[in-house]
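Student: I am new to this structure and would like to know how its labels are earned. Please show it to me, and then I will ask.

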Amino acid sequence: MKESWMDMTLVPCGLLIMAAYHVWLLHRIINRPSVTFVGLNAINRRFWVRAMMEDVSKNGVLAVQTLRNNIMASTLLASTAIMLSSLIAILMTSSRTTAGGDTINIFGDRSSLSFTIKFFAILVCFLLSFLMNVQSIRYYSHASILINVPYKKMSSTLRHHHLTAEYVSRTINRGSYFWSLGLRAFYFSFPLFLWIFGPIPMFVSCLVMVVMLYYLDVTFEFGWTDEASYADDVDTHNNESDEELGNALCNMPLNVRNSDNT
């Protein structure tokens with residue numbers, strides 16, 4: 001009990017700090033996306049999808065190659081995660097027969113049960129990263145087909161064009177979100193790995209990780225994207241209103257239109 005009080009105090013505090021930071025980051029992404037790189041990239045991906053789908057015959061190859069690069073990045077992370085998961089599983093089985101945790105743990109609990117819990121926590125992070133990256137590959141694969149759909153030939157209604165581009169952009173953004181979550185699982189595994197050497201390195205690494213992630217996640221230089229996104233939505237709404245007005249005039253009887261003109 002005397003050896004484990006540091007694990008019972010510092011480890012939950014470090015994990016709580018990491019969790020609180022990501023809750024704050026999620027709140028910022030939802031309410032003020034233009035001050036975070038995740039929200040900023042999501043807005044710019046919407047513009048990119050609409051630009052690619054304006055002329056499918058010209059931009060189709062560029063769009064597919066870009067999505068293929070994203071698929072390759074997700075595949076690399078997924079392969080690395082499953083390889084590390086296998087390695088951790090081997091270390092977990094070998095640690096039951098050896099006392100390796102007693103020699104590398106500086107402070108904290110040195111029991112074999114504690115050593116197994118640490119390896120299991122790292123294994124969970126890598127397995128979650130693998131699953132998130134697989135989902136990212138799934139969404140990117142769907143988007144690589146949807147982005148080449150000739151929606152202008154399928155329907156002449158501007159509202160249908162808008163919904164098609166929005167659906168494709170949401171699909172690509174979901175793939176990017178899953179990729180980011182898989183990468184966050186790798187980030188979480190680093191403090192858990194240092195936990196093998198004791199709770200103090202784990203707690204210090206949590207503090208350093210939060211500070212590093214803050215400078216990687218937050219930006220204050222691109223506030224114009226909110227205005228651009230709002231203007232884009234307003235233009236789309238105006239185009240839909242003009243289209244509905246034009247359809248109403250076309251469907252109006254000729255005598256009624258003549259009476260309105262007089």
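**From values to labels**

Tutor: Residues 192-216 are 84% helix and 0% strand, and the C-alpha atoms at the two ends of this span are 21 Å apart. The model is predicted, so local features need pLDDT of at least 70 and side-chain atom pairs count only at pLDDT 80 or more, while totals for chains, interfaces and linings use all residues. Residues are numbered from 1 along each chain as its sequence is written, and side-chain values use heavy atoms, with hydrogens and water left out.

Student: What makes a stretch count as a helix or a strand, and how many of each are there in the chain?

Tutor: Both are DSSP runs, numbered from the N terminus: a helix is H or I over at least four residues, and a strand is E over at least two. By that rule the chain has ten helices and zero strands.

Student: Which UniProt annotation covers residues 192-216?

Tutor: The unreviewed UniProt entry gives "transmembrane region" for residues 71-92, 113-132 and 192-216. Such positions are given in the numbering used here, feature names are shortened, and annotations may be inferred rather than shown by experiment. In the model, residues 113-132 are 100% helix and 0% strand, with end C-alpha atoms 29 Å apart.

Student: How do you know whether the span of helix α2 is close to the expected one?

Tutor: The expected span is 1.5 Å times one less than the number of residues in the helix. Helix α2 (residues 37-54) has 18 residues, and its first and last C-alpha atoms are 26 Å apart, close to the 26 Å expected.

Student: Is E54, in helix α2, called buried, exposed or partly exposed, and why?

Tutor: Buried means under 20% relative accessible area, exposed means over 50%, and partly exposed is in between (1.4 Å probe, protein chains only). E54 has 47% relative accessibility, so E54 counts as partly exposed. The buried residues of α2 include G39, L40, R45 and M53. Over the chain of 262 residues, 37% are buried.

Student: Why does M202, in helix α8 (residues 199-217), get the label it has?

Tutor: M202 counts as buried because its relative accessibility is 0%. The C-alpha atoms of M202 and G14 are 7.3 Å apart, although 188 residues separate the two in sequence.

Student: Which labels do M92 and T75 get, and why?

Tutor: M92 has a relative accessible area of 10%, so M92 is buried. T75 has 35%, so T75 is partly exposed. M92 lies in helix α3 (residues 56-95), and T75 is found in helix α3 too. From C-alpha to C-alpha, M92 is 9.3 Å from K118, and T75 is 7.0 Å from N133.

Student: How many disulfides are there, and why is C13 not bonded to C206?

Tutor: A disulfide is a pair of cysteine sulfur atoms within 2.5 Å, and by this rule the count is zero. The closest cysteine sulfur to that of C13 is in C206, 9.9 Å away, and therefore too far for a bond. C13 itself is partly exposed because its relative accessibility is 36%, whereas C125 is buried because its value is 10%.

Student: What makes a space in the model a pocket, and what volume does the largest one have?

Tutor: On a 1 Å grid over the protein atoms alone, a pocket is an open set of points with protein on both sides within 12 Å along at least five of seven lines. Grid points are joined across faces, edges and corners, and a volume is the space filled by probe spheres set on the points. The largest pocket has a volume of about 540 Å³.

Student: How is a residue known to line the largest pocket, and how many do?

Tutor: A lining residue has an atom within 4 Å of a point. The largest pocket has 15 of them, with H22, Y177, S180, L181 and R184 nearest its centre. Helix α7 gives the most, six residues.

How values were computed:
On a 1 Å grid over the protein atoms alone, a cavity is a set of points where a 1.4 Å probe fits but cannot get out, and a pocket is an open set with protein on both sides within 12 Å along at least five of seven lines; lining residues have an atom within 4 Å of a point.
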